Amino acid sequence: MKVLQQPPQAHSLISATRHIGYSLDAAVADLVDNSIAADAKTVDIDFEDSLNSYIAIIDDGDGMTADELTSAMQYGSADPSQVRSEKDLGRYGLGLKTASMSQCRVMTVITKKNGEIAARRWDLDYIAKHKDVVWPLLILENDEWKDLPGVEVLKNRKSGTVVLWQSIDFGGSYDEMTFDDEMCKMSEHLALVFHRYIYGEDGIHKIRIRINGNAIKPKDPFLQYVTNGKQGHQCKATQPLGFGKSRITLQAFTLPHDKELTPEMRYSLGTGKALRRTQGFYIYRNKRLITYGHWFGLKAQGEFFKLARVKVDIPNSVDMKWSLDVKKSVAIPPKQIVAHLRAYVDSVVKQSKNAIRVEVFGRKVKATTDDPQVWESTVKDGTVTSVRFNRNHPVVKAALEANVELEKLLRLFERTIPVDVNYYSRSSDQKMDNETPLSVDEMVDMLKGLVCMVPAGTARKMTFMSMLQSEPFVLQADKLRKKEEEILNDTL
């Protein structure tokens, strides 16, 4: 038997791999992976949007020798079946090349190690013109790389690497009008994907990621590190799960109800999507987020489960079992652990369901004379069967006593509650106009009109104090209490 070597055409293969689905976000994240694997403490992403646009990813990691760089520039430079270092975020030895060439036509790597600087380049247009040369990797001389973006920073460091993208075309879909928007999206993406590294979580070294000199603030999809506001709470202890010779860990969280989320907390969550769309598993490979926002078919996304999050940590030794893709944006649980995950999820979503029921329907099923809430709900077998006005509410009671015919109007309101509209609106984090907080002046004006429905004297004052315990007045109770005399005297 004879063996004939048939290397692929460089231009054809590189052109084909440019369209395997890398977004700018995923491409830059792939390069940050390499920087982390090289023990970088700082990763700078500098860019310029002009006729000579470029993106440069500059780190202070270990760098490479000339020979190591030549090897790293080879397509498929690593065997995915080989045992990798636990800190290695790479996969197939393709990321540097496929990620870069998916966004640009010229990719140059300049690296420094042991005081020596080396530079190599893939140039798609050069390759197209020299098809007679098998995989023409360009070796740049000193005068060819010395003025490139990022080099001055590299010269002043003991070691490090610059990955420079030029002739940027985003895989053929370049639009200069969206360049800045894409970079903003990329910033948000990195803040979420590497949030555990940016925070400096125990067990991993802390990194700093800057874009044009501005440090990225980490996102926090579990609200573990909230300083102002209510933290997400861990509803189940970290649970290890054996998987062959490797170990996977699960940790469940329940977010505060969306009514309690401030704009700052929503920003910190980092997904930019509605809570309902981001419930589910968050899969981390070596503490780097791979995918999130689904239950892998083990549970349908639902309104009652939207506060539930499960952090799943997997090591790089299980890549093949979890079907990790080249872009490191997809991971699928292997069949061997699906049953365990299903049982875990069933217990987790109960926490979210209970939190939402308590917040939406209150802890009391029936309102009493001591309950200032305007609405009361009836619950049967854990399900709300009706919602109606609280006839014992002092203002409602006074209004009915003054005009018995008002009962018919209340019943009309109760029978025409837009349940469907309210349900679908809850599927989004977009607040309705009805939920916009009233100003103190608006609340004062409303209270003046409401408490005057109750006879003057002790009953009126008690009604006023009761109203301060109910929405929307409870949100400004302290300020309204200072205006008690004004509100009560105005109604005499």
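**Figure 1. Salt bridge between Arg210 and Asp44 in the predicted model**. The side chains of Arg210 and Asp44 meet at 2.6 Å, taken from N to O. Arg210 belongs to strand S7 (residues 208-211) and Asp44 to strand S1 (residues 42-48), so this salt bridge ties together parts that are 166 residues apart in sequence. Asp44 has a relative accessibility of 6% and therefore counts as buried, the cut-off being under 20%. Side chains of opposite charge can pair when their charged atoms come close.

**Figure 2. Salt bridge between Arg285 and Asp319**. The closest N and O atoms of Arg285 and Asp319 are 2.7 Å apart. The pair links distant parts of the chain, 34 residues apart: Arg285 is in strand S11 (residues 280-285), while Asp319 is in the loop between strand S13 (308-314) and helix H11 (335-361). Arg285 counts as buried because its relative accessibility is 1%. Asp319, at 4% relative accessibility, also counts as buried.

**Figure 3. Salt bridge between Arg391 and Glu414**. Here the closest N and O atoms are 2.3 Å apart. Arg391 sits in the loop between strand S15 (383-389) and helix H12 (394-402), and Glu414 sits in helix H13 (residues 406-415), so the contact ties together parts that are 23 residues apart in sequence. Arg391 is buried, with a relative accessible area of 17%. For Glu414 the relative accessible area is 17%, and this residue is buried too.

**Figure 4. Salt-bridge network of Arg18, Arg105, Asp125 and Asp169**. These residues, two written as Arg and two as Asp, are linked in a network of salt bridges. Across the predicted model, the count of salt bridges comes to 23.

**Figure 5. Helix H2, residues 24-37**. Helix H2 has 14 residues and reaches 20 Å from its first C-alpha to its last. This span is close to the 20 Å expected at 1.5 Å a residue. H2 is mostly covered, with 12 of its 14 residues buried. Among the buried residues are Leu24, Ala26, Ala27, Val28, Ala29, Leu31, Val32 and Ile36. The buried residues of H2 also include Asp25, Asp30, Asp33 and Ser35. An α-helix has 3.6 residues a turn, so residues three or four places apart point the same way.

**Figure 6. Backbone just after helix H2**. Asp39 follows just after H2 and takes a positive phi of about 65°.

Note on methods: Residues are numbered from 1 along each chain as its sequence is written. This is a predicted model: local features need pLDDT of at least 70, side-chain atom pairs count only at pLDDT 80 or more; totals for chains, interfaces and linings use all residues. Side-chain values use heavy atoms; hydrogens and water are left out. Helices (H or I, at least four residues) and strands (E, at least two) are DSSP runs, numbered from the N terminus. The expected span of a helix is 1.5 Å times one less than its number of residues. Buried means under 20% relative accessible area, exposed over 50%, partly exposed in between (1.4 Å probe, protein chains only). A salt bridge is a side-chain nitrogen of Lys or Arg within 4 Å of a carboxyl oxygen of Asp or Glu.
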